[in-house]
Structures are given as C-alpha cells and as structure tokens.
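This briefing walks through one protein model, moving from a single helix to the sheets and then to a few individual residues. Please keep the structure in view while you read, and find each element as it is named.

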Amino acid sequence: MVELKAPLTLPAVVICALLFDLVESVPPFDPYKVLGVTKSASQAEIKKVYKRLAKEWHPDKNKNPEAEDMFIKITKSYEILSSEEKRSNYDRYGQTDDTQPFGHHGHHPFHDHFYFDETFFHFPFNAKDGRDFADSKYMLHFNQYINDIVPDSFKRPYLIKITSDWCFSCIHIEPVWKESVQELEPLGVGIGVVDVSFERRLANHLGAHRTPSILGVINGKVTFFHYAVVRQHLRQFVEDLLPQRLVEKVTDRNNHQFLNSWHAINKPHVLLFDQVPIVPLLYKLTAFAYKDYVQFGYVDQGLTETANLLRQFNINTYAPTMLVFKENTDKPADIIQAKGMKKTIIDEFISNNKFLLAPRLVNQKVFDELCPVKQFHRRRKYCVLLITSEEESFSTGNKAFLSLASTNTNDVLRFAYVYQRQQQALCDTLLRNRDSTPPQVVILERRSGAGKVLYKPVLSGWNGSEEDKHRLLEELQRLQKDPSVLNHDAILPELNNEFASMFLIRWVFTAYDYLTEIIDDVLHNNWREMMPLLSLIFSALFILFGTVVIQAFSDSSEDIPAKPKSKEASKTENGSPNNTSTSSRQPRKNFVEVTELTDITYMSNLVKLRPGHTNVVLVLTDASKNVLLSKFAKEVYSFTGSLTLHFSFLNVDKHSEWMDTLLEFAQDTMQIDTDEDETGNRKVDYTGYVLALNGHKRYLCLFRPVYTGEDPDKSEEEGTTSGTRSRSSLRDEHQHQSRKGTSRSRSTSLQIHHKLDRLGLWMERLIEGTLPRYYIPAWPGLDKITVTK
C-alpha cells in the first residue's frame with residue numbers, strides 16, 4: 001500500500017481525485033471470470049478447472065511476476081464457488097465477505113488518508129506486504145510474551161500465528177485467520193502474531209520450527225494446532241484449550257445444591273439461561289476469566305428438566321438472561337437480559353458482583369481486593385470485620401451481621417468476616433488489648449502493603465441485637481466525619497489460605513487434565529512436540545528390550561523348521577525327492593494378517609478406525625499381488641506386535657480413481673510428479689506404494705518404492721551365457737527363446753520384489769512419529785470401481 005499524507009494543493013487534489021476514481025473503477029472481483037467457468041458450471045467442472053489453473057500458476061513452477069497474485073485469486077475463487085452457501089450469496093447479491101477487491105481494505109475518509117492498490121504502481125510482490133496490514137498490532141516480542149502474555153494467559157486463552165517473510169502458505173491461510181480473529185477476539189480470546197524473521201528467539205521458545213504454524217497458550221502452556229485451517233476448527237481448538245469443569249449444567253434436580261454451595265466455596269453463583277443446548281463460547285471464556293471469584297452454571301431452556309427454574313425466576317425465553325445469586329438463593333442479587341449479549345456488558349456485570357455481600361476472608365488475595373491499601377483521601381476504604389466462629393451458637397450473630405451488610409449502600413464500607421480458628425494470628429493481633437472471645441467487630445483501614453492498619457474495636461462485642469446494630473452504625477457515621485477515631489495501629493500478618501487443604505483435589509484434577517492432553521497428543525496429534533521425551537524413552541526401551549525381543553523371534557523361527565528336517569531325511573531315503581521340496585515349504589505358525597481394502601471393509605478398516613490406530617495399506621496390481629504380498633509380510637513382520645497397527649492391501653487395478661483422488665489433496669505438499677497423455681489421463685504407477693492411513697485424524701503418510709537390488713537382467717544374462725556355452729550345440733533356437741522369455745519374467749518379478757527394500761526403515765520412522773503427515777478434509781469413497789480400459 002502507498003499512503004499519502006502530504007498537504008494537498010488544488011492540483012494535487014484534482015490528481016488524487018482522478019486516481020481515486022480510477023481505483024474505484026476497477027471491476028469487482030468475479031470468481032467465475034477468474035476460473036473461466038459459467039454460472040451453471042457443476043462442482044466437478046469447477047474442481048477440474050481449479051486443479052489445472054492452480055498447477056499452471058503455482059509460484060514454484062510459474063516465474064511470471066503476476067503468478068503470486070493470480071494464484072491467490074484462483075484459490076479464493078475456488079473457495080467461494082466450492083461452497084454452496086458462499087456461491088449462493090454471490091449469485092444473489094453479487095458479492096460476499098470474501099469477494100472484496102484484492103488490495104482494498106475498506107473505504108477510508110477522503111480527508112484522512114489515501115489508499116491505493118500497489119498493483120496500480122506495479123510494485124514487485126512481497127509475501128510480507130501481502131499479509132494483512134492488521135497483523136502489525138498483534139506482533140509479539142519475546143519480553144512482551146514473557147511479561148504480559150504468559151501472566152494474562154491465566155485469565156484468557158491466546159491464539160498465536162507463526163509467520164515469516166516470503167511464506168506463500170501463510171498467504172493461503174490469511175483469509176481464514178482474519179475471519180477467525182474477527183470472530184474470536186470480541187469474545188475475549190487473545191491474538192498474537194510472531195514473525196520468525198524478527199523474533200527467532202520467541203519462535204524457538206514456543207517450539208515453532210516451521211511456518212505457518214498456529215498455537216494456543218493457556219495457563220502458560222503451549223499447545224499446537226494440527227488440523228485443517230478452517231474457522232470452525234480454530235474455534236473448536238480454542239474451546240478445547242479451556243478446562244472441562246468451568247461451567248456446570250443446572251436443572252431442576254441440582255439447582256438447590258448448586259446455589260446453596262455459596263457458603264462452602266465463598267463465591268457468588270451466576271446462572272445463564274439460553275435456548276442453545278451447548279454452552280456458548282463467550283460464556284466459557286467469561287467463566288475462565290472469573291473462575292477465582294464466581295461459580296458459573298448454565299440452564300438450557302429447551303429441556304423439560306428446567307421448566308420449574310424458568311417459572312420460579314420468571315425467565316423470558318426470547319433473550320439470554322443472566323442472574324447472579326449471593327447469600328439469598330431465592331432471589332437474584334442482580335440480573336441482565338439482552339438479545340445480543342456482548343462481552344463488555346458481561347464483564348461489567350460480573351465485576352460488579354465478584355464478591356458476596358459479606359464474604360469470608362479465606363486468603364490474602366481476597367483481603368487485598370476487599371480492603372485495598374489507602375492511596376488517596378477520596379479512595380479510602382473501611383472494612384467492617386466480624387471475628388466469629390463456624391459453630392452453631394454463633395449463627396444468630398452471623399445472620400444479623402449479614403442482614404446489616406445487605407442494607408449497606410455506601411461504597412466506602414466493605415463488610416467481611418473471619419473464623420478465629422482459621423485466622424488465629426490475625427485475630428490475636430486485632431484483639432490483643434481486649435477479650436479475645438468472639439464474636440467481635442473491628443473497623444479497620446489499611447495504610448500500607450506491608451500490613452500496617454489503623455483500626456478500632458467496637459465496644460461490647462457483637463451478639464446481633466438491635467442495640468449492637470445501632471452502636472455499630474453510630475461508629476460508622478462518626479468515622480466518616482472524623483477518620484481519627486481509628487486510634488489503634490498494628491502490623492497484620494499474612495492470612496492463611498483456608499483452601500490450601502483442597503490442594504490435593506485440585507492437583508488430581510490438574511493431573512487428570514494433563515494426562516488427558518498427553519494421551520491426546522500421543523494418540524491423535526503430531527508427535528513432533530514430544531519428540532525429545534519420546535526419543536529418550538524409546539531409546540532406553542530399545543536398548544533394554546530390543547535385543548531380547550529380536551532374539552526371541554529368531555529362536556522361534558529357527559525352531560519351527562527343525563522338525564520337518566527329520567521328515568525330509570526319511571522321505572529322501574524312501575526315494576521321494578518331490579515330497580521333500582514340498583514339505584520344506586510348510587506354512588509358518590506366526591503370520592501377518594493382511595486384509596483387502598474393499599468397499600465392504602472400507603468403513604471399519606479406515607473411516608471408522610478407532611482413535612490412535614493406523615492402517616498400513618500396500619498398493620498392488622493383479623500381476624504383482626503374490627510377489628509384493630510376500631515381501632510386504634517379511635518387512636512388516638517385526639511390527640505385528642503393535643495393537644494399533646493394521647495391515648491391508650489395495651488393488652489399484654480396481655480403485656485407481658480412489659488413489660488419484662486421495663493423493664490430489666496432498667499433491668502440492670508431496671510434489672508427486674504426474675504426466676498426462678493425449679486423452680488427459682494421468683500415468684502414475686502406484687505399484688509398491690504404501691500408505692499409513694489414520695482414519696480418525698484424517699491424515700496419511702506415504703512410502704514410495706525404492707529399488708536397491710542389482711540389475712537382474714544383467715546377472716541373469718551372465719548366468720545363462722556361462723551355463724550354455726558347453727551345450728549350445730544341443731539346444732535349438734526355440735528352447736533358447738523360451739529360456740530368454742523366462743529370464744525376462746523372472747527379471748520383472750525381481751524388480752517388483754525390490755520395490756519394498758526400504759519399507760522396514762520407513763516403518764520404524766512411522767512408529768517414531770517422524771514421518772511427514774498430509775492432512776485431508778475427508779476420505780474419498782471407495783464404492784466406485786475403475787473400469788478396465
């Protein structure tokens with residue numbers, strides 16, 4: 001973009017106006033014209049044209065300076081026309097959110113700045129300039145991440161994009177990233193962008209070693225995003241980052257138990273009434289931000305089990321309603337109702353109701369927020385503190401103190417209470433000159449963060465009588481007129497954390513969440529994040545048990561043919577050499593179970609494969625079936641002990657179209673070279689390919705056949721020549737041609753046999769998780785059989 005900020009003279013105004021009109025006259029973005037299809041084109045035609053144009057204008061193959069811009073337009077056009085919803089909107093209204101002209105980011109006031117498309121001035125393309133200009137306000141630095149983002153991640157999750165200059169893949173995900181940011185940021189999700197070109201230190205700290213990458217940060221922990229970059233996937237990724245027990249589902253059966261727990265957890269309770277069955281993400285993010293202050297519940301208005309709650313609190317079912325309950329569980333302390341509930345409204349509502357009317361001081365954090373240190377004369381806060389006990393005999397005085405606190409409307413006064421047994425040091429300091437027997441009421445003002453306070457005990461204790469209330473109110477009125485009535489000073493000790501005994505329970509929940517994430521990473525996600533730890537574990541296990549296991553397999557394989565040898569000897573003595581050769585090929589007891597992948601077994605062996613399981617599929621033809629299956633069984637035999645590996649084979653003579661469709665999704669990434677003949681059919685020999693397919697996570701790993709054997713034609717010809725020179729006069733031309741044909745067939749068999757020479761090494765990398773993975777949006781169907789031409 002070119003930004004002109006110089007003062008405008010009259011000629012300059014005229015020239016700029018003409019330029020502005022010229023830019024505005026640029027024809028709108030038309031996906032049909034970009035792809036060169038009509039509005040009645042089918043999805044198959046659009047897909048075919050897109051693949052041809054994408055291959056033609058790919059920046060890696062086309063050196064035209066306009067290839068970058070054209071490739072982006074082709075991709076954007078296909079995204080619009082391949083979606084029925086976006087295509088319908090474009091056909092009806094002539095544009096969608098994605099059809100804005102490239103280089104224009106909305107209209108700006110004419111008197112403010114002038115913005116022009118860089119293509120008007122024919123500037124060279126740069127991937128950095130092609131990124132969204134709004135990324136600049138999300139750019140992160142190492143110190144900013146450590147000092148600001150990590151502490152703030154304990155209140156809200158962060159979604160961070162890793163990018164760099166000249167990253168063409170970053171440009172491809174930019175529209176989806178922009179839409180996701182516009183959707184998630186107003187809900188309370190933090191957004192960040194790390195440019196590896198300038199912040200290599202931060203990228204290494206996050207463990208991001210490739211671009212583009214997307215990761216989430218919550219509670220200081222980094223989690224990588226491994227799915228297709230789609231807005232719904234990014235939203236679900238953010239939801240999965242949040243703890244599972246943030247919001248409790250409330251019905252008529254458990255509402256009393258939920259609301260009456262305010263005394264035990266010392267928190268207000270908030271109920272959200274809405275008609276959607278799933279808790280909205282905005283509400284989950286709010287619950288995470290205020291989890292230390294408020295307990296959250298959700299009521300689904302569409303359930304019959306919530307009808308009594310709707311009638312009890314007279315809930316309007318046409319708009320979301322939020323109620324906050326404090327000590328009185330029969331009547332909400334505050335309520336808001338709005339059809340489009342925004343985050344700012346919810347934050348203000350929760351901030352005004354973070355504490356109970358008379359909360360208990362359970363730790364130093366609550367004390368600091370309820371009774372802050374005096375900073376200015378007009379911001380001073382006085383705390384009315386009741387020192388009591390949890391015994392039943394003190395309930396009358398406690399209820400009277402709560403009743404008095406509920407009538408307080410003065411923001412300068414804060415009511416709270418403590419249990420003497422839990423906060424013995426605090427109570428002894430405040431009651432050192434008086435009878436320490438509770439209940440007692442103390443009025444105090446904090447003067448410094450070191451614990452210095454000015455205070456005054458109320459005479460005659462506290463029994464909750466009307467006389468006690470009148471005496472306390474008189475003291476409070478006198479205090480507001482003359483702050484010098486606080487004639488005692490002391491240094492308060494730090495409060496005990498009464499919830500420290502619940503540390504074990506919280507630790508168990510935290511450990512459960514952590515183990516769940518580890519299992520999900522191991523079974524479903526990319527192992528590269530855990531490679532240092534996994535490499536150490538697998539190395540130790542291999543050293544300790546690898547040799548023993550291999551020796552055990554070798555001993556068992558040697559013991560099996562030992563017995564038939566005696567039978568062979570006996571049969572040889574009886575003069576039956578033919579039976580000897582047959583008996584030496586007895587089937588092995590240990591075998592590899594390989595099933596054929598057909599339309600019948602397709603769902604169970606791939607699409608509905610259990611999470612964490614992988615199907616290793618050998619691609620073969622009718623001619624190479626016997627040779628490749630035998631070699632395949634030998635190569636994968638040592639991996640049959642894994643319960644998560646399954647072995648199948650696919651006949652490419654029947655399902656070549658399935659292979660073409662499957663590998664098209666990852667064609668740009670794997671760079672599979674394909675040629676086309678005159679009829680437009682691709683000529684790819686898939687014989688010997690091996691696919692590791694993860695049905696649950698929808699990705700594949702590819703093995704390409706590598707021939708490592710000697711030249712079979714040469715060795716065969718040499719052996720034939722040396723063996724026939726002495727007997728050439730006894731063989732006629734027909735026998736020589738027959739033997740030559742047999743030699744050629746054996747040569748072909750040997751060449752196919754050597755295609756799987758390196759499969760064992762590839763399987764080891766598959767187990768280690770170091771193979772590249774190619775994700776696809778959906779598995780193609782296998783019900784169609786390719787017609788033999």
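Helix H8 has 17 residues, which at 1.5 Å a residue should span 24 Å, and its end C-alpha atoms are indeed 24 Å apart, so the expected and computed values agree. The model in which this helix sits is predicted, and its protein chain holds 30 helices and 22 strands. Of the 789 residues of that chain, 42% count as buried. Among contacts between residues at least 6 apart in sequence, 73% join residues at least 24 apart.

**Helix H8 and its surroundings**

- Although its end-to-end span agrees with the expected one, helix H8 bends by about 45° at Glu174, and a proline, Pro175, follows within four residues.
- The buried residues of H8 include Cys170, Ile171, Ile173 and Glu174, the residue at which the bend is found, as well as Val176 and Trp177.
- Further along H8, Ser180, Val181 and Leu184 are buried too.
- Helix H8, which covers residues 168-184, lies across strands S3 (158-163), S4 and S5, and its direction makes an angle of about 160° with that of S3.

**The four-stranded sheet**

- The strands that H8 lies across, namely S3, S4 and S5, belong to an open sheet of four strands, whose order is S4-S3-S5-S6 and whose pairing is mixed.
- Strand S4 (190-195) and strand S6 (221-224) stand at the edges and have a single partner strand each, so one side of each has no neighbour in the sheet.
- From one strand to the next, the twist of this sheet averages 25°.
- Strand S5 (residues 213-218) runs antiparallel to S6, and four bridges join the two.
- Within this part of the sheet, Gly216 stands opposite Thr223 in S6.
- Pro212 is found in the loop between helix H9 (200-206) and S5, and the peptide bond that leads to Pro212 from Thr211 is cis, with omega near -5°.

**The five-stranded sheet**

- A second open sheet, made of five strands with mixed pairing, has the order S13-S12-S14-S15-S16.
- Its edges are strand S13 (413-419) and strand S16 (488-491), and because each has a single partner strand, one side of each is left without a neighbour in the sheet.
- Neighbouring strands here are turned by 35° against each other on average, if direction is ignored.
- Strand S15 (residues 452-457) pairs with the edge strand S16 in the antiparallel sense over four bridges, and Leu454 has Asp489 in S16 as its bridge partner.
- Helix H17 (residues 395-406) lies across strand S12 (382-388) and S13, running at about 165° to S12.
- Helix H19 (residues 466-481) lies across S12, S13, S14 (440-446) and S15, and runs at about 15° to S14.

**Strand S18 and its partners**

- How many residues of strand S18 (residues 614-620) are buried? Seven of its seven residues are buried, so that the strand can be described as mostly covered.
- In a regular strand, the side chains alternate between the two faces of the sheet.
- For S18, the buried residues on one side are Thr614, Val616, Leu618 and Leu620, while those on the other side are Asn615, Val617 and Val619, and both faces are therefore covered.
- Seven bridges join S18 to strand S19 (residues 645-651), and these two strands run parallel; Leu620 has Asn651 in S19 as its bridge partner.
- Together with helix H25 (residues 625-636), strands S18 and S19 make a right-handed β-α-β unit.
- S18 also pairs with strand S20 (residues 690-694), this time in the antiparallel sense and over four bridges, with Val617 standing opposite Leu691 in S20.

**Two residues with positive phi**

- Asn266, in the loop between helix H12 (262-265) and strand S8 (269-274), has phi near 60°, a positive value in a residue other than glycine.
- Is Asn266 buried or exposed? Its relative accessibility is 11%, and Asn266 therefore counts as buried.
- Arg698, in the loop between S20 and strand S21 (699-703), likewise has a positive phi near 60° without being a glycine.
- At 30% relative accessibility, Arg698 counts as partly exposed.

Definitions and conventions:
Residues numbered from 1 in each chain as written. Predicted model: local features only at pLDDT ≥ 70, side-chain atom pairs only at ≥ 80, totals over all residues. Heavy atoms only, no water. Pairing = 2+ DSSP bridges. Axes fitted to C-alpha atoms, helices over the stretch in contact; angles between N-to-C directions. Contact = heavy atoms within 4.5 Å. Buried < 20%, exposed > 50% of the residue type's maximum accessible area, 1.4 Å probe, protein only. Right-handed = clockwise from strand over helix to strand, strands pointing away. Expected span 1.5 Å × (residues − 1). Bend = angle between axes of the 7 residues up to and from the residue.
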